[in-house]
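Visitor: Could you walk me through how to read a protein model, one feature at a time?
Guide: Gladly; let us bring it up and start.

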Amino acid sequence: MPPGACAAALDPVPHYTGPLLTRPLAESLTRARDAGTGEWTGSLDLGRSTGTATLAADHWQWKGETYAYPGKTKDRTLYYWDGEEFLAISRFGSALIKLVPTDWDAPTFEIDGIKMLPSAQVSPFEDARRKVALIAPAGKTVLDTCGGLGYFAACCLEGGVTRIRSFEKNPDVLWLRTLNPWSPDPDAESSGGRLALSQGDVSQEIEALETASVDAILHDPPRFGIAGELYSRVFYDQLARVIRKGGRMFHYTGAPNKLTSGRDVPREVAKRLEKAGFKAELAMDGVLAVKR
């Protein structure tokens with residue numbers, strides 16, 4: 001980033017490598033212990049791998065480490081080991097934010113009870129993969145405006161991106177990423193130094209990015225009522241400035257208020273992007289735009 005940019009480059013933060021528990025997993029462990037089997041086999045990293053735990057009466061072992069059995073657990077909650085006990089992966093700062101398990105292994109997350117990624121009909125990771133395919137990231141430099149759990153970034157890395165620059169404003173979301181095995185680690189060997197993740201508000205940080213410096217953009221902002229500035233003509237002009245001619249952008253919009261007010265946010269966004277210098281069309285649950 002050029003001098004004067006104010007995004008906070010993140011110091012390396014080791015990703016959590018211990019077990020993650022849900023209520024069904026915790027109950028499965030205790031049932032196996034009570035049955036006297038001595039072992040339990042399954043996944044404790046949200047489907048990324050499988051292994052076998054050794055069970056004793058008052059503790060269990062996993063990958064050479066010893067853990068206490070969890071206490072009371074709740075549905076729709078993930079738990080991590082803090083060194084002494086299993087705690088819910090949630091924080092309350094300006095809002096309650098939590099990592100939420102899904103039926104698809106890859107978790108979603110919620111802010112004040114509002115689900116931020118789709119998970120009812122499709123895996124949130126597979127949903128991200130389909131959207132990333134629209135911009136064809138192979139060999140490109142990509143701007144990821146609102147990083148979230150990093151699924152767009154992970155799919156870009158998987159898809160052969162040359163470099164991806166990602167911003168995330170909320171420090172608690174960045175904390176969730178360190179506990180989620182589906183979130184890419186910028187410092188991991190598999191990332192190959194291609195992912196640059198910064199804490200910052202992209203509506204401000206974008207001003208420091210060089211003109212025509214990216215080949216493609218992924219824009220997944222919070223809903224309009226929360227972050228209206230990320231749907232503004234001013235911001236769209238900045239997106240048009242930093243992307244090269246012919247570059248593709250996928251802009252998630254969803255369809256908020258369509259049933260209650262008849263408002264068509266995707267078409268409003270498409271029209272605003274056209275005025276900013278893109279050719280835009282509706283695609284999936286958002287807009288696919290190409291810089292003219």
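Guide: We will go from the overall fold to salt bridges and then to a single lysine. Please keep in mind that this is a predicted model.

Visitor: Let's start with the fold. How many helices and strands does the protein have?
Guide: Secondary structure is a good first inventory. Here the protein has 8 helices and 19 strands. Its radius of gyration is 21 Å, close to the 19 Å that the globule rule gives for 292 residues, so the protein is as compact as a globular protein of that length. The C-alpha atoms fill a box of roughly 70 × 45 × 30 Å along the principal axes.

Visitor: What share of the residues is buried, and what does the surface consist of?
Guide: These two values go well together. Of the 292 residues, 48% count as buried. The protein exposes about 14,200 Å², and carbon and sulfur atoms supply 50% of that area.

Visitor: And what share of the contacts joins residues at least 24 apart?
Guide: For this one, we set aside close neighbours in sequence. Among contacts between residues at least 6 apart, 58% join residues at least 24 apart.

Visitor: Now to charges. How far apart are the mean positions of the positive and negative charges?
Guide: The idea is to average the place of each kind of charge. The protein has 35 positive and 37 negative charges, and their mean positions are 9 Å apart.

Visitor: How many salt bridges does the structure hold?
Guide: It holds 16 salt bridges. To read one, look at the distance, the exposure of both partners and their places in the chain. Take D34 and R33, whose closest N and O atoms are 3.0 Å apart. D34 is exposed, because its relative accessibility of 58% is over the 50% cut-off. R33, at 27%, counts as partly exposed.

Visitor: Where in the chain do the partners D285 and K131 sit?
Guide: First the bridge itself: D285 and K131 form a salt bridge with closest N and O atoms 3.1 Å apart. This pair links distant parts of the chain, 154 residues apart: D285 lies in the loop between β18 (278-283) and β19 (286-291), while K131 belongs to helix α2 (residues 124-133). Is each partner buried or partly exposed? D285 counts as partly exposed at 25% relative accessibility, whereas K131 is buried, with a relative accessible area of 3%.

Visitor: Which strands are linked by the bridge between R244 and D215?
Guide: Their side chains meet at 2.5 Å, N to O. R244 is in strand β17 (residues 243-252) and D215 is in strand β16 (residues 214-219), 29 residues apart. R244 is partly exposed, with a relative accessible area of 32%, and D215 is partly exposed at 22%.

Visitor: Which residues are joined into one network by shared partners?
Guide: Salt bridges that share partners join E126, R129, R130 and E158 into one network.

Visitor: To finish, how would I read one residue, say K98? Is K98 buried or exposed?
Guide: Start with its place, then its cover, then its neighbours. K98 is in strand β10 (residues 96-100). Its relative accessible area is 16%, under the 20% cut-off, so K98 counts as buried.

Visitor: Which residues is K98 in contact with, beyond its neighbours within four places in sequence?
Guide: K98 is in contact with R76, T77, I89, S90, T108, F109, E110 and L176. As for K115, 17 residues from K98 along the chain, the C-alpha atoms of the two are separated by 9.7 Å.

Note on methods: Residues are numbered from 1 along each chain as its sequence is written. This is a predicted model: local features need pLDDT of at least 70, side-chain atom pairs count only at pLDDT 80 or more; totals for chains, interfaces and linings use all residues. Side-chain values use heavy atoms; hydrogens and water are left out. Helices (H or I, at least four residues) and strands (E, at least two) are DSSP runs, numbered from the N terminus. The radius of gyration is taken over C-alpha atoms; the globule rule is 2.2 Å times the number of residues to the power 0.38. Buried means under 20% relative accessible area, exposed over 50%, partly exposed in between (1.4 Å probe, protein chains only). Contact means heavy atoms within 4.5 Å. Accessible areas come from the Shrake-Rupley method with a 1.4 Å probe; for residues, only the protein chains shown count as cover. Lys and Arg count as positive and Asp and Glu as negative; His and the chain ends are not counted. The place of a charge is taken as NZ of Lys, CZ of Arg, CG of Asp or CD of Glu. A salt bridge is a side-chain nitrogen of Lys or Arg within 4 Å of a carboxyl oxygen of Asp or Glu.
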